[in-house]
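User: Please take a close look at one loop in this model. Start with its backbone, then follow its contacts outward. Short sentences suit me best.

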Amino acid sequence: MMYQSLLSRSFSKHEQKRLKYGGFFTFFLISFSFFTIFKPYLAPLPFLHLRLSIGDGQKLRIVDDTNNSYEQTMSREIANKSEETINKSQPLFKDAEIIMKSTLMVNHSNFAPPTADDGDMEKRSELTEAVCKLMERSDFCEIKGDIRIDANSSTVFIISSANSTTTQWSIRPYARKGDSAAMRRTREWSVKLVNDQRNTPKCTHNHNVPAVLFSLGGYSGNHFHAFTDIIVPLYSTARPFNGKVQFLVTDKQPWWIAKFKTILKALSRYDIIDVDNRDENVHCFSSITVGLKRKSSKELTIEAAESSMKEFMRFLRSCYSLRKKRAIKILRNGIMKKKPRLLIISRKKSRAFSNVDEIGRMGKRLGYKVVVDEPDGNISRSAQVMNSCDVVLGVHGAGLTNMLFLPENAVLIQVVPFGGAEWVSKTFFEDPSKAMKIRYLEYKISIQESSLIHQYPSDHVVLSNPSVVQKQGWEAFKSIYFDKQNVEIDLNRFRPTLIKALELLGS
């Protein structure tokens, strides 16, 4: 009433109407602007879920209590994108800054030590901390505190005494994020922060060393993927522990562990634990990394300040007692104190050399000592053969992954099949060779050198327009240009490539 009295004294009825309409319009304009600007964030507004947290001796952090909505959104967007595509113009993540913004960080103090029911463990850390990071090729969580691994629920429990709501995040611990086919073959685990240990399983096995939990699913059966998706990221993740780390594997493959046991034993002093074993075992740790660290989509590459591919190759040479550190050096006048060894990688099923004997004879005439070999499941034997050679020749395929065992300054010659495999050949082997200090040469076969000309008429789309097949997807492309194609090298056309390799050994 007082407001109306003051309004009537100060303004006429006409002016009062103008003020009322003006106020209504202003309120409408402000409301419209607010909902227009903030509409993408209203379900819910992310900043409403942020809180401040600080532990003893720790820096103040902003903690996100959401279940990582950014990760879930990105997962939906890339769920149907296969990694193995021919034309890959758009990266999965465009901006490293966005990746950091999507980091989930949980930090609690006043950590309660395990009860007597949990057995006699070494004193755990007084700080419970979980930092889960999203990288272009992997997600991983680094956790400290009272950690319990429950196979029955596929859950990594983190016990905290802080009064907070339960925080949970899902992770598939295989380093080929974005490849839906690979990730479907990987078991999903939950990382769950809880504040009441009564609702968590009791420890049956207590461990006093850090742990790394990772998957042997995905494409682990392929030699190339075994290294780029598992072994290289595992090296980046576990090497800083100097062997004092316990490996926990999900999607266990006994044959895989046997095949790479030399590398696994060099990274960990302890027997591998099958964490999928559901016989009521609950393994407990005070520190664990769930998932493997792989920063970007680059293959056979380490992108970390504390390590490099050159160091990884030294590690492999140490694992398999490989003696040859550098490729042979040819003198400038062309004199060879010792013949360089040329390894021709043979294949029996597809992408095989149809005239391997003729290639070998030409190599001998040029001054090479020729070795023909097909890599097999015996990694130690294959590593010894590869390391003894100075030049390696092979058609694009998993066998070229063994270039990891080559001596420094060796030469890799990749034969690119007909049909448009340039991108995958470059990504899988040419680009990684640079970080390995391996010289690279490429030989693209012509249509006349492909066995496909004997399988299809000359005007068939497979021969006349491979891009049509490419558009049908990776599986269609692979089934024709990789699985059905062999190579008969044109010796006259290929000869300059072998000569160039000799020149590189002399440079």
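Analyst: One definition comes before the tour. A residue is buried when its relative accessible area is under 20%, exposed when that area is over 50%, and partly exposed in between. The model here is predicted.

Try the definition on a serine outside your loop. Ser154 has a relative accessible area of 10%, so it is buried. It sits in the loop between strand S5 (139-150) and strand S6 (155-159). Its phi is near 50°, a positive value in a residue that is not glycine. That deserves a second look, because most residues other than glycine have a negative phi.

Now to the loop itself, between H9 and S14. Ser321 lies there. Its phi, too, is positive, near 50°, and it is not a glycine. Is Ser321 buried or exposed? Its relative accessibility is 53%, so Ser321 counts as exposed.

Next along the loop is a charged residue. The side chain of Lys324 forms a salt bridge with that of Asp390, at 2.7 Å from N to O. This pair joins distant parts of the chain: Lys324 is in the loop between H9 and S14, Asp390 is in the loop between H11 and S16, and 66 residues separate them. The two ends differ in burial. Asp390 is buried, because its relative accessibility is 1%. Lys324 is partly exposed, because its relative accessible area is 22%. The structure holds 21 salt bridges, so there are others to meet later.

Ala327 belongs to the loop between H9 and S14 as well. It has a relative accessible area of 13%, so it is buried. What does it touch, leaving aside neighbours within four places in sequence? Its contacts are Asp390, Pro407, Glu408, Asn409, Ala410 and Leu505. Asp390 appears again there, the residue that bridges to Lys324. Ala327 and Val411 also show how the fold brings the chain together: they are 84 residues apart in sequence, but their C-alpha atoms are 8.4 Å apart in space.

Glu408, one of those contacts of Ala327, leads to an enclosed space. There are three cavities of 30 Å³ or more. The second largest has a volume of about 50 Å³. Its lining is Lys310, Met313, Arg314, Arg317, Glu408, Met436 and Lys437. By class, that makes two nonpolar, no polar and five charged residues.

Go back to Asp390 and step to the helix on one side of its loop. H11 covers residues 379-387, and its buried residues are Ile379, Ser382, Ala383, Val385, Met386 and Asn387. The spacing can be read with a simple rule: an α-helix has 3.6 residues a turn, so residues three or four places apart point the same way. Several elements cover the buried residues of H11, among them helix H9 (309-319), strand S14 and strand S16 (391-395). Helix H6 (223-238), helix H7 (254-259) and strand S15 (369-373) are also included.

Arg381 also falls within the span of H11. It forms a salt bridge with Asp376, with the closest N and O atoms 3.3 Å apart. Asp376 is partly exposed, because its relative accessibility is 38%. Arg381 is partly exposed as well, because its relative accessible area is 28%.

H11 also opens onto the largest pocket. That pocket has a volume of about 950 Å³. It is lined by 38 residues, and those closest to its centre are Asn222, Arg347, Arg351, Ala398 and Lys478. The elements giving two or more residues to this lining are H6, H11, helix H12 (422-435) and helix H15 (474-482). H15 gives the most, with four residues. The lining has 13 nonpolar, 13 polar and 12 charged residues.

Arg351 is the last stop. It lies in the loop that follows S14 (341-345) and leads to helix H10 (356-366). Arg351 is buried but has no salt bridge. Its nearest side chain of opposite charge belongs to Asp483, 4.5 Å away. A salt bridge needs the nitrogen and the oxygen within 4 Å, so that distance does not qualify. Beyond four places in sequence, Arg351 touches Val395, His396, Gly397, Pro417, Phe482, Gln485 and Asn486.

Methods:
Residues numbered from 1 in each chain as written. Predicted model: local features only at pLDDT ≥ 70, side-chain atom pairs only at ≥ 80, totals over all residues. Heavy atoms only, no water. 1 Å grid on protein atoms, 1.4 Å probe; cavity = no way out; pocket = protein on both sides within 12 Å on 5 of 7 lines; lining within 4 Å. Points joined across faces, edges and corners; volume = space filled by probe spheres on them. Nonpolar A, V, L, I, M, F, W, Y, C, P; charged D, E, K, R; others polar. Buried < 20%, exposed > 50% of the residue type's maximum accessible area, 1.4 Å probe, protein only. Lys, Arg positive; Asp, Glu negative; His and termini not counted. Contact = heavy atoms within 4.5 Å.
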